[in-house]
Amino acid sequence: MFSVSKALGVFVTTLTVAVWTSTGWGQEVRHFRFAYDQPRGTGYSIAGDIFADKLKELSKGTMIIDQYPGAQLGQEPQVLQLMKNGDIEFCISSSANAATLTPQAGVMSLHFLFRNEDHLKKALADPQVTKAIKDMVEETVQGGHVLAVITLGLRDMYSKKEIHKLEDMKGLKVRVQATATEDAMFPAYGAQTVHMPFGSVYTSLQTGVVDVAENGVNVYLVNKHYEVAPVLSMTEHEANNNLVWISDKLWKSLSDEQKRWVVAAGDEVGKQQPAKSLELEHQSADKLKAIGVKIVTDVDKSGFTKVANPYLDKLAKDLGPHAVKIKDLIVQVK
């Protein structure tokens with residue numbers, strides 16, 4: 001006797017086969033975790049969407065990205081370790097947090113290495129620059145590979161007070177990313193550095209554990225840091241650059257064709273994300289002005305650059321040969 005439960009089982013099995021074969025490849029659909037610590041509506045989610053859409057298109061729907069924004073799977077240092085161990089497949093990290101895996105990635109945090117937003121955009125579009133960064137990771141990191149170099153724009157300082165010139169930094173406690181670059185530069189400006197995960201910044205600004213934090217305009221907006229630090233000073237002291245990673249465990253499990261799809265999706269992110277992210281920075285500044293945030297645009301950068309410029313060569317050399325090469329390539333971009 002042909003029972004209802006058996007009929008339902010046949011239907012489900014047939015439906016599953018139909019889904020697989022509709023891709024034209026006869027392959028099972030695979031889902032992959034893609035983690036980052038910023039919420040939706042940021043340059044990170046722009047990168048995630050571009051990557052997911054392109055990979056789905058190239059794989060005919062057989063490779064699907066499930067995004068985990070807002071530090072659902074941990075802050076960047078933890079997510080990097082998960083990726084490196086093969087516990088998640090893809091992630092995004094700042095180049096500064098990437099320095100926990102390869103210290104030479106700290107070169108991207110050199111202050112005033114990027115002269116302005118236009119220079120930043122041109123540098124990330126330069127194939128020699130991105131190749132040098134990927135080569136650095138290949139030669140110095142086990143467990144992960146870089147698929148794309150992206151940006152969240154230039155970093156600025158925010159606090160309860162206005163910063164107009166170098167002298168305004170004296171004695172301030174500044175939350176920084178844990179890199180040798182930051183630990184050298186902010187004390188050189190007369191400030192004190194404090195290391196902490198990004199997720200602790202809001203409360204630390206609120207309680208006075210730190211006086212100043214620094215990040216991109218959109219990050220400042222979407223994480224509502226303006227609520228506890230209502231003055232944004234446009235220092236543009238360094239670039240907020242980021243890396244899109246794939247775990248080596250996943251990479252080794254892919255066919256040659258799948259690897260080509262993943263690389264092509266990463267290339268698409270590298271081509272599209274910087275311009276879209278920089279436009280998001282401009283839109284975010286407009287929103288901040290509209291809600292009454294004080295934006296200091298007349299920052300005198302001359303004092304900062306006078307202190308920072310001698311460090312460019314010294315810190316890059318201290319970091320290593322890859323750092324020197326990346327720094328030189330970026331400086332040469334016109």
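The following exchange examines how several labels are assigned in this predicted model.

Q: Why is Asp298 called exposed?
A: The relative accessibility of Asp298 is 51%. Exposed means over 50%, so Asp298 counts as exposed. This residue is found in the loop between β9 (294-296) and α12 (302-319).

Q: What makes up the negative surface patch that includes Asp298?
A: Glu162, Glu167, Asp298 and Asp300 form the patch. Asp and Glu count as negative, and therefore the patch is labelled negative.

Q: Why is Lys224 called partly exposed?
A: Lys224 has a relative accessible area of 44%. Partly exposed covers values between the buried limit of 20% and the exposed limit of 50%, so the label applies to Lys224. Lys224 lies in the loop between α9 (217-222) and β8 (231-247), and its phi is near 55 degrees, a positive value in a residue other than glycine.

Q: Why is Glu236 called buried, partly exposed or exposed?
A: With a relative accessible area of 25%, Glu236 is above the 20% limit for buried and below the 50% limit for exposed, so it is partly exposed. Glu236 is found in strand β8 and has a positive phi of about 45 degrees, although it is not a glycine.

Q: How many aromatic pairs does a search of the whole structure find, and what makes the pair of Phe34 and Tyr36 edge-to-face?
A: The search finds ten aromatic pairs. In the pair of Phe34 and Tyr36, the centres are 6.0 Å apart and the planes form an angle of 80 degrees. Pairing requires centres within 6.5 Å, and edge-to-face requires planes over 60 degrees apart, so both criteria are met. Phe34 and Tyr36 are both buried. Ring pairs link them into a cluster with Phe32, Tyr44, Phe51 and Phe90.

Technical notes. Residues numbered from 1 in each chain as written. Predicted model: local features only at pLDDT ≥ 70, side-chain atom pairs only at ≥ 80, totals over all residues. Heavy atoms only, no water. Patch = residues over 30% accessible without salt bridge, like charges linked within 9 Å, V, L, I, M, F, W, Y side chains within 5 Å. Areas by Shrake-Rupley, 256 points an atom, 1.4 Å probe, with all protein chains shown as cover. Salt bridge = Lys/Arg side-chain N within 4 Å of Asp/Glu carboxyl O. Charge placed at Lys NZ, Arg CZ, Asp CG, Glu CD. Helix = DSSP H or I, 4+ residues; strand = E, 2+ residues; numbered from the N terminus. Buried < 20%, exposed > 50% of the residue type's maximum accessible area, 1.4 Å probe, protein only. Phe/Tyr/Trp six-rings, centres within 6.5 Å; stacked < 30°, edge-to-face > 60°.
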